[in-house]
Amino acid sequence: MSQRDDSKPAKHPWWSYGHVWLVIAGPLVVVVASFITYYLAAHGQDPVLMQSSVDSYASTPEARTTLAPAMQARNHATTGALPGPNSKK
């Protein structure tokens, strides 16, 4: 009496299974995203300003008004003190 053994799965190549691609896709997406991030960081740099050009820009009247929030935030981060009502000149 011979019985057929149908309990063994059919042999397929590893790439034909969907869960294998699910496992491979996660790290692959991370690697691709890291290369994109590196490219953006390397090619999207802000220009370096010399200190004299920053000082000459900051001395103009329109720059004082546009830089005021940034200067207040910098001073607050350094000292921890909030600007008072009569701190504006």
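Modeller: The expected span of a helix is 1.5 Å times one less than its number of residues. Keep that rule at hand for this predicted model.

Colleague: Which helices and strands does the protein have, and in what pattern?

Modeller: There are three helices and zero strands, and along the sequence they follow the pattern α-α-α.

Colleague: What span should α1 have, and how far apart are its end C-alpha atoms?

Modeller: With 26 residues at 1.5 Å a residue, α1 should span 38 Å; the C-alpha atoms at its ends are 37 Å apart, so the two values agree.

Colleague: Where does α1 bend?

Modeller: The bend is at alanine 25 and comes to about 30°. Proline 27 follows within four residues.

Colleague: Which elements have the highest and the lowest mean pLDDT?

Modeller: pLDDT is the predictor's confidence in each residue, from 0 to 100. Here α1 has the highest mean, 94, and helix α2 (residues 51-58) the lowest, 60. For the protein the mean is 76, and 60% of its residues reach 70 or more.

Colleague: Is tyrosine 39 exposed, partly exposed or buried, and why?

Modeller: Buried means under 20% relative accessible area and exposed over 50%. Tyrosine 39, in helix α1 (residues 18-43), has 49%, so this residue is partly exposed.

Colleague: Which nonpolar surface patch includes Tyr39?

Modeller: Tyr39 forms a patch with Trp14, Trp15, Trp21, Ile24, Leu28, Val32, Ile36 and Leu40; together they have about 980 Å² of accessible area.

Colleague: How much of the protein counts as buried?

Modeller: Of its 89 residues, 1% do. The accessible surface is about 8,600 Å², with 66% belonging to carbon and sulfur atoms.

Notes
Residues numbered from 1 in each chain as written. Predicted model: local features only at pLDDT ≥ 70, side-chain atom pairs only at ≥ 80, totals over all residues. Heavy atoms only, no water. Patch = residues over 30% accessible without salt bridge, like charges linked within 9 Å, V, L, I, M, F, W, Y side chains within 5 Å. Areas by Shrake-Rupley, 256 points an atom, 1.4 Å probe, with all protein chains shown as cover. Salt bridge = Lys/Arg side-chain N within 4 Å of Asp/Glu carboxyl O. Helix = DSSP H or I, 4+ residues; strand = E, 2+ residues; numbered from the N terminus. Buried < 20%, exposed > 50% of the residue type's maximum accessible area, 1.4 Å probe, protein only. Bend = angle between axes of the 7 residues up to and from the residue.
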